[in-house]
Amino acid sequence: MKVIKRDKTYEEFQWHKIENAINMAFEACDLSMSKDVIECMKHKYNTDSDIIVDVEEIQDDIENCLMEFNPIVAKAFIIYRYEHKIIREHKDKLIKGLTKKLMADDIENQNANVDEHSFGGRMGEATRLVTKEYALDYCMSRKARKNHLNNEIYIHDLDSYAVGCHNCLTLPFDDLLKNGFNTRQTDVRPANSINTAFQLVAVLFQLQSLQQFGGVSSSHLDWTMVPYVRKSFYKHYAEGLKWICDSALDLSKEEVENLSIDDDIYKNNEKVYNYALTKTEKELNQAVEGMYHNLNTLQSRSGNQLPFTSINYGTCTLTEGRMVIKALLNGSLNGVGKFHKTSIFPCGIFQVMKGVNKEKGTPNYDLFRLALTSTSQRLYPNYANVDWSGNDGYDRNDPKTYFCTMGCRTSNGYDINGFGQLKDGRGNICPVTIILPTLAMEANRDVESFMRLLGRKIEDAKDILIERFEWICKQSPLSAKFMWENNTMAGYIPEEGIRSALKHGTLAMGQLGLAETLQLLIGKDHTTEEGMKLAKRIESLFKKRCAEYKEEYRLNFGVYYTPAENLCYTAMKNFRNMYGIIENVSDKPYFTNSIHVPVWVNMSPFEKIDIESQLTGYSSAGCITYVELPSTTKHNIDALETIVNYAMDKDIPYFAINVPNDTCEQCGYTDEINDKCPMCGSDNISRLRRVTGYLTGNYTSAFNYGKQVEVKDRVKHIKSFDEWNILI
């Protein structure tokens, strides 16, 4: 007699396995095994026969015999059998999922910056599959798990949840470059030239990115680099004196760092001064070019992933700072590689500031114009509003307090635990996103029921954030040795543990699908007066609750307008499975991001800014507004300036402009390209687009399906060059 097992293999029938199974059932009930049950089974099976029996059939017969002689034990056996069936099914599902990820048979492009075809990408995706399940099953409360699985409150980066690392950080580059830093293998000396300083910027970006799961940024790179421009200039000046005048200039280290290159001590010798300035500018340009290439080639984490990096700059009016700003912008314009492609990283962010660069006649206005030129061709830089009302109380004399952002949109608001508007050494600790359309359906599309439910879910979101914060705080400093050893996160006191620093970061309460939610509730979105009224009511509740939680828990809760690169698609898939296709809500494979105007709505850039500017003030943890413009933008910088300044004047904190950026992979021609390159006729075209706040490769292959459709649905807010003069 043979038994066919669950894996479809065969083995000889063995009585001891039957006896063991029955005995375990009795032991589970603290009873001695009944021989009557064994005899019952022996009546059913003749081991000398040639028949083949299925293992499940044998277990059915064990159940029947147990039920006949001892129903209590039978119940225990049935429960045991069911639990193991669940375990087997879960294991089978996991193995199938792992196989798909390891063999790259299930490419989803959840993160457009990860190559899921690569060895590292496949290993990373397989690992994420396991660690996400672990996080859901073992790292959080039932309430948190239920909200996530019900498509109500999305818990971001579950794989990182499992190990307890945080999201993103603004690095204190001033201190790290001045004092040097330690790594796992060695220590790095302080920078003594502009070339070394920019090389170390790339190194530090990569090292920090390995300590977390989100982006890394510099809050004021132009100011940071001033001492190193001066150091390089002094070296070149000393060299020039030696070769041109056969003399020397002996300055102390402190004098070199604090002495402007415009000082008379340098300018007294015009020939040497010009020599040193030319050499310094050349070194600076090469250093910036090296940084751009490094940040677009250095792979980090698994999946051949480039570090998510952002640089904020534009406000330094010192000669050295202006040189740095100009070099950064020219580096952006020049592009990278043999075809001078648009640089994906770092995300450039130009800080617009009244009295500094915003108006004609201000010291850095010329650099603002250069920034606009770069944006018109390269999409970068984006624009941060230093004078944004949400950053009220910043110190105009301290660039570490200027409003800045990490490229996707994350920003640090006022720290309730003592750092005020300081940005360096702070970041977002962890985010969640409330999926608003799901709540609208659960409230039966009734406004008042929705508002009550939203209030409860905001409370749940707060609990989920605190739960994760506490989990992160429990991690050993050895888990992120570079970060804690070098104090890249401000406020760390070893005797008090890592909570001493983490408490200065942000707990971000995000949201998704405001436009669709309004459609469900009142049949209109926030492009209408009635829709905007309800939108403000919703956002006011978010802001009010986060402000209350901030005071009550002494943690920096903030309203976050979620980037939702992958979530816009996965949340919609879940929503469709639950509620089907609903016109103007789920008839597209993506949700509209946070509070944005739907991408398909025709309007001017000024109208879009007018609408979104009414809501951005409710966010303290990060938001972005962008407009879509044609490729002809590069021919009209005046019009571009008008649009950017309009956004700044409307108190938009973070603004970006999308223009087509297509590159022929055959000849390198870059512009808006239809089906084929107008220069060489090739159809091998890479189409660069913005995914959230960042740029990410060819959207037709790098983005997930929902995001691909969203990009195709985006309308131009100005259709043609002829519209410029009408609008302005």
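**Exercise 1. Packing of helix 16 on helix 25**

Helix 16 and helix 25 are roughly perpendicular to each other; derive this description for the predicted model from the packing geometry, and characterise the contact.

*Solution.*

Step 1. Two packed helices are described by the angle between their axes and the distance between the axes. For helix 16 (residues 365-378) and helix 25 (residues 637-649), the angle is about 105 degrees and the axes are 10 Å apart.

Step 2. Angles of 65 to 115 degrees count as roughly perpendicular. The packing angle of about 105 degrees therefore places helix 16 and helix 25 in the roughly perpendicular class.

Step 3. Helix 16 contributes Y365, F368, R369, L372, T373, T375 and S376 to the contact, and helix 25 contributes I637, D638, L640, E641, V644 and N645. Sorted by class, six residues of this contact are nonpolar, four are polar and three are charged.

**Exercise 2. Backbone exceptions**

Most residues other than glycine have a negative phi, and most peptide bonds are trans. Locate the cis peptide bonds that precede P346 and P381, and describe the settings of D30 and N584, whose phi values are positive.

*Solution.*

Step 1. The bond from F345 to P346 is cis, its omega being near -5 degrees. P346 belongs to the loop that connects helix 15 (319-334) with strand 10 (347-352).

Step 2. The bond from Y380 to P381 is likewise cis, with omega near 5 degrees. P381 is placed in the loop between helix 16 and strand 11 (382-385).

Step 3. D30, not a glycine, has a positive phi of about 60 degrees. D30 occupies the loop between helix 1 (15-28) and helix 2 (35-44). Exposed means over 50% relative accessible area, so D30, at 72%, counts as exposed.

Step 4. N584, also a residue other than glycine, has phi near 65 degrees. The loop in question runs between helix 23 (567-579) and helix 24 (605-616). With a relative accessible area of 38%, N584 is partly exposed.

**Exercise 3. A four-stranded sheet and a helix packed on it**

Determine the strand order, the edges and the pairing of the open sheet of four strands, and identify the strands that helix 22 touches.

*Solution.*

Step 1. The strand order is 4-12-13-14, and the pairing is mixed. Strand 4 (153-155) and strand 14 (556-560) form the edges, since each pairs on one side only. Direction ignored, neighbouring strands of this sheet are turned by 25 degrees against each other on average.

Step 2. Strand 13 (residues 506-512) and strand 14 run parallel and are joined by five bridges. Within this pair, G510 has Y560 of strand 14 as its bridge partner.

Step 3. Helix 22 (residues 529-553) packs on the sheet and touches strand 12 (428-435), strand 13 and strand 14. The direction of helix 22 makes about 165 degrees with that of strand 14.

**Exercise 4. Salt bridges between separate elements**

Side chains of opposite charge can pair when their charged atoms come close. For the salt bridges D366 with R322, R537 with E448 and R687 with D662, which elements are joined, and are the residues buried or partly exposed?

*Solution.*

Step 1. The structure holds 30 salt bridges. One of them brings D366 and R322 together with an N to O distance of 2.9 Å. D366 belongs to helix 16 and R322 to helix 15, so this pair ties together parts that are 44 residues apart in sequence. D366 is partly exposed at 40%, and R322 is partly exposed at 25%.

Step 2. R537 pairs with E448, the closest N and O atoms lying 2.9 Å apart. R537 is in helix 22 and E448 in helix 18 (residues 447-473), 89 residues apart, so that distant parts of the chain are linked. R537 is partly exposed at 36%, and E448 is partly exposed at 38%.

Step 3. In the bridge of R687 with D662, the closest N and O atoms are 3.2 Å apart. Strand 19 (residues 685-690) holds R687 and strand 17 (residues 661-664) holds D662; the pair ties together parts 25 residues apart in sequence. Buried means under 20% relative accessible area. R687, at 16%, is buried, and D662, at 1%, is buried.

Step 4. A network of salt bridges links K143, E152, K457, E459, D460, K462 and D463.

How values were computed: Residues numbered from 1 in each chain as written. Predicted model: local features only at pLDDT ≥ 70, side-chain atom pairs only at ≥ 80, totals over all residues. Heavy atoms only, no water. Axes fitted to C-alpha atoms, helices over the stretch in contact; angles between N-to-C directions. Helix = DSSP H or I, 4+ residues; strand = E, 2+ residues; numbered from the N terminus. Parallel < 35°, antiparallel > 145°, perpendicular 65-115°, else oblique. Contact = heavy atoms within 4.5 Å. Nonpolar A, V, L, I, M, F, W, Y, C, P; charged D, E, K, R; others polar. Buried < 20%, exposed > 50% of the residue type's maximum accessible area, 1.4 Å probe, protein only. Pairing = 2+ DSSP bridges. Salt bridge = Lys/Arg side-chain N within 4 Å of Asp/Glu carboxyl O.
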